[in-house]
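Open the model in your viewer and keep the sequence panel beside it. Each stop below says what to select and what is there.

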Amino acid sequence: MNDKLEAARARLRKLAVFEVDARESPAAQSDWSATRLLLEAADVVDELFWQQAGPAIDYHASSNQPGDDDELRELLLFDPDFAGRRFYPPDLTREEFEAAINAEPGNRSSFESPYTIIRRDNTHLIAVPYHVAYGELVRRLSDLLANAATLERHPQLRAFLSQRAKDLLTDDYYASETLWVGLNKNPLDFVVGPYEVYEDELLGLKASYEAVLFEPVREATDRFQQAQRDLVLLCKDVESELGRRINIQDNRVKLAIANLVYAGGEARGAVPAIAFSLPNDERVIEEVGSRQVILKNVSEAKFNLVVHKLANDLLKESVAYETSFHNFFEHTVFHEISHSLGPQRIVVNGEPSTVNRALKQLHSTLEEAKADALGACLALIAGEDIDARLFLNSFVGNFVRSIRFGLEQAHGGANAIQFNYLLEQRAFRLEEKTRRISVDEARTREAVFKLAATILDIQEQGDFAGASAFVKKYCVETPELTELVERAKDLPIDIRIRYLNWKT
């Protein structure tokens, strides 16, 4: 028995399965001829991603293996060959890459492009554009989008698909990205192309292909977009309780609530994200803004399969399912909105800087803790039909879920900080006999606002020493935390999505 493989299987099995069937989407069914082409396009994107980030074995042979195929294929795909996956030669080092650029500075742009792979040509390194390196698959993908555009009824989506089909063949996505940001009122929505650089663990430069087909939820989108429009007034209400000013970044993010219909490539990963923000092109963001999509059905699956079970096991006071999910989702949305709040460009020791640059490796963890705490403040002030006592119970009961990702992860570390800070403030306690979490509403509310203000102060000052001391004190595994994590060991850590075969 392969111990490493079995250990990987055990980790994968800690993810509860959530099934998604594209045929259950009313919008997808209403124009199935066009939808089928988009679904097929997402599958082509999956093949592209496999060539970029998967092990050096045949995609079709692996995806069609008998027996435990889904699990084994997932294990193979997300077990890296090497730090740079297949974006670079396997033996390439960071030092060799930089030396090649220094030797020929004119190559920097092509070498550092998100849309090239690096290959060896005898003794030299060369940059090969994606549309050349993956030519056959890219052409197939482009043809599918072009054909879908001819069938698409919504004029804005039709224009986007048509332009995206062209842009895939040149790796210049500016025109189609601009069209995508402007999409509005279309029954189905689609993102497709190389976006995130997470898979490039060598240099963090190369983008992976992904595709997401989703159905906007209009009523929820309209309500939270109104909250965004009222953000200045909302922040003034929060500031009075927070005891400090909140800076609102002018980033023109258009918020949307949607249900996931299908995904391919990096978006079909082992643990799905609740939200994504695109595009990443700074020119597009500066000129027309960006869009942030929050996937309600994925959020609900995580709540149903993990969060609610965990909270019921750990909290003294259980919360009814509907109320508890409402609280969870309200906080999820306000968490995302909170990323646009607080300092960004700052001055440190008389020099212009940014929070990210000043706080270095601590930035991500503190930013997630800030968004959690400030998101809770916003929800308490402006959330729809929020019962503060029940909301705060749910809020505290959710800490342990993300902590189990590991304190070295941004979300895990952020929740450890919140847990230990609120525990120190006596916002909650573990009851002597039952060892369940008993939440004090008044103290918890006060502590959440105090925590948000504390992190905002650290960010505004760009205080790396203060941030280090804060993280060192609170991002730790205390006895109480260890006890609760141990009690939750048999519950799923998160979810993974199983897409049902839409072709049958």
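**Stop 1: Glu367**

Select Glu367, which is buried because its relative accessible area is 12%, under the 20% cut-off for that word. Keep in mind from here on that this is a predicted model. Glu367 belongs to helix α18, made of residues 363-382. Now show the side chains of Glu367 and Lys370: a polar contact of 3.0 Å joins them. Which residues does Glu367 touch, if residues up to four places away in sequence are not counted? Add His339 and Gln459 to the selection; these are the residues in question.

**Stop 2: the sheet**

Next, hide the side chains and colour the strands. Look for an open sheet of five strands, in the order β4-β5-β6-β8-β7, with mixed pairing. Which strands form the edges? They are β4 (189-194) and β7 (275-278), each of which pairs on one side only. Turn the view to look across the strands: from one strand to the next, the twist averages 35 degrees.

**Stop 3: strand β5**

Select residues 209-216, which are β5. Is this strand enclosed or open to the outside? Eight of the eight residues of β5 are buried, so the rest of the structure largely encloses the strand.

Show the side chains to see two sets pointing opposite ways:

- Tyr209, Ala211, Leu213 and Glu215 point one way, and all are buried.
- Glu210, Val212, Phe214 and Pro216 point the other way, and all are buried too.

Now check the neighbours of β5. With β4, the pairing is antiparallel and has six bridges. One place to look is Phe190, whose bridge partner in β5 is Leu213. With β6, the pairing is again antiparallel, over seven bridges. Here, select Val212 and its bridge partner in β6, Ala263.

**Stop 4: the β7 end of the sheet**

Move to β7 and add strand β8, residues 290-295. These two strands run antiparallel and are joined by four bridges. Select Leu278 and you will find it opposite Arg291 in β8.

**Stop 5: helices on the sheet**

Add helix α3, residues 32-53, to the view. Helix α3 lies across β4, β5 and β6 (253-265), and runs at about 75 degrees to β6. Then add α16, which also packs on the sheet and touches β6, β7 and β8. The direction of α16 makes about 160 degrees with that of β8.

**Stop 6: α16 and α19**

Keep α16 (residues 321-338) and add helix α19 (residues 388-397). Two packed helices are described by the angle between their axes and the distance between the axes. Here the axes come within 9 Å and cross at roughly 70 degrees. The two helices, α16 and α19, are therefore roughly perpendicular to each other.

Show the side chains where they meet. From α16 select Thr323, Ser324, Asn327 and His331; from α19 select Leu390, Phe391, Ser394 and Phe395. By class, this contact of α16 with α19 has three nonpolar, five polar and no charged residues.

**Stop 7: Ser394**

End on Ser394, in helix α19. Is Ser394 buried or exposed? Its relative accessibility is 12%, so Ser394 counts as buried. Leaving out residues up to four places away in sequence, Ser394 touches Val319, Ser324 and Asn327.

Definitions and conventions: Residues are numbered from 1 along each chain as its sequence is written. This is a predicted model: local features need pLDDT of at least 70, side-chain atom pairs count only at pLDDT 80 or more; totals for chains, interfaces and linings use all residues. Side-chain values use heavy atoms; hydrogens and water are left out. Axes are lines fitted to C-alpha atoms, for helices over the stretch in contact, and angles run from 0 to 180 degrees between N-to-C directions. Angles under 35 degrees count as roughly parallel, over 145 as roughly antiparallel, 65 to 115 as roughly perpendicular and the rest as oblique. Contact means heavy atoms within 4.5 Å. Ala, Val, Leu, Ile, Met, Phe, Trp, Tyr, Cys and Pro count as nonpolar, Asp, Glu, Lys and Arg as charged, and the others, Gly among them, as polar. Two strands pair if DSSP finds at least two bridges between them. Buried means under 20% relative accessible area, exposed over 50%, partly exposed in between (1.4 Å probe, protein chains only). A polar contact is a pair of N or O atoms within 3.5 Å; within protein, one must be able to donate a hydrogen and the other to accept it, and residues adjacent in sequence count only if both atoms are side-chain atoms.
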